[in-house]
Amino acid sequence: MPASSFPRSLALPVSRRRLTQALALLSLPALALSTARPARAALPQGSHAAMVAFDGLYIPALFLTGAAPKSDEGPARAGAAMQRLQQAWPQQRLALQALAPLARPWREALAAVDRHLARATAEVGERRWEASHETLERVRETLFEARRSLGIDYALDDFTAFHGAMEAIANRSAVPPAQREALERDYARARALWRRIERLELDPARWGLSPARQAQLRQGLADEDRALARLSRALAAGAPEAELLQAGAALKGPFVKAYTAFGWPAGETPALAG
């Protein structure tokens, strides 16, 4: 969606004072990593495909370890996804290392991923699903921080940035009156990060998106758009706490749908353009 057509429904009517607070929050240095793109680094040919191929296997493992306790077949699916990721990692590590072989932050990041994957594999073997999911979350965060520090522009890092802002809202268990302004600031941050995702141009051939996963991505993005609009309306209307919590929690499902569209189902290994 072009920036000029970004939904007006996501604009939160607030007082001048609150708008100033939200804008000030977005300008804080602590948020610079999440809201400002660094200068793009020139990468060797095949770098984008290497990152996409890793995430194609990583995302199913991340999602399925989180979902493992929720169904009878969940543990077996999570174990298979983790095994698939771990078996592919040595070759994928070589491909990723070629992105910036002389950059210390990148070498350190890949070494950290080595440790996280080894730990997650052990935790999956012990059926410690929550622990393994949290360990795998560190993989995403580690690569995100390293790429941003090196100026490596990668669209899924925009999803990672939004994920943190979204969870600050969705995971709330209470919104007492004294915290409403903080929730409005969290919403302003999430909206700004979401706008960047709306502007992304994602070539299905470069991202290995099958027709089914393209449709999943489109649906997830549209549903997240509506969920943000719902939260905007609730905040603008001064809705009661229960309604705010419900609207905030509703941000998570659509995001998961959109993000997991980049994961490769078992038996699928797309040929990547570029």
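Guide: The bend at a residue is the angle between two helix axes, one fitted to the seven residues ending there and the other to the seven starting there. The model discussed here is predicted.

Visitor: What makes W89 a point of interest in α4?

Guide: At W89 the two fitted axes of α4 differ by about 55 degrees. A proline, P90, follows within four residues. Helix α4 covers residues 74-97 and spans 32 Å between its first and last C-alpha, close to the 34 Å expected. W89 is also among the buried residues of α4, as are A88 and Q92. The cover over these buried residues includes α3, α5 and α6.

Visitor: Why is the aromatic pair of F54 and Y58 called stacked?

Guide: Stacking requires planes under 30 degrees apart and centres within 6.5 Å. F54 and Y58 show 10 degrees and 5.6 Å, and therefore qualify as stacked. The two residues are four apart in helix α3, and so about one helical turn separates them. Both F54 and Y58 are buried.

Visitor: What type of aromatic pair do W207 and F262 form, and how do you know?

Guide: Their planes stand 70 degrees apart, with 5.3 Å between the centres. An angle over 60 counts as edge-to-face, so the pair of W207 and F262 is edge-to-face. W207 belongs to helix α9 and F262 to the segment after α12, so the pair ties together parts 55 residues apart in sequence. W207 and F262 are both buried.

Visitor: Why is the charged end of R140 said to sit over the ring of Y259?

Guide: The rule asks for CZ of Arg within 6 Å of the ring centre and within 35 degrees of the ring normal. The charged end of R140 lies 4.8 Å from the centre of the Y259 ring, and the contact is classed as sitting over that ring. Y259 also belongs to a cluster linked by ring pairs, which includes W207 and F262.

Key. Residues are numbered from 1 along each chain as its sequence is written. This is a predicted model: local features need pLDDT of at least 70, side-chain atom pairs count only at pLDDT 80 or more; totals for chains, interfaces and linings use all residues. Side-chain values use heavy atoms; hydrogens and water are left out. The expected span of a helix is 1.5 Å times one less than its number of residues. Buried means under 20% relative accessible area, exposed over 50%, partly exposed in between (1.4 Å probe, protein chains only). Contact means heavy atoms within 4.5 Å. Rings of Phe, Tyr and Trp (its six-membered ring) pair if their centres lie within 6.5 Å; planes under 30 degrees apart count as stacked, over 60 as edge-to-face and the rest as tilted.
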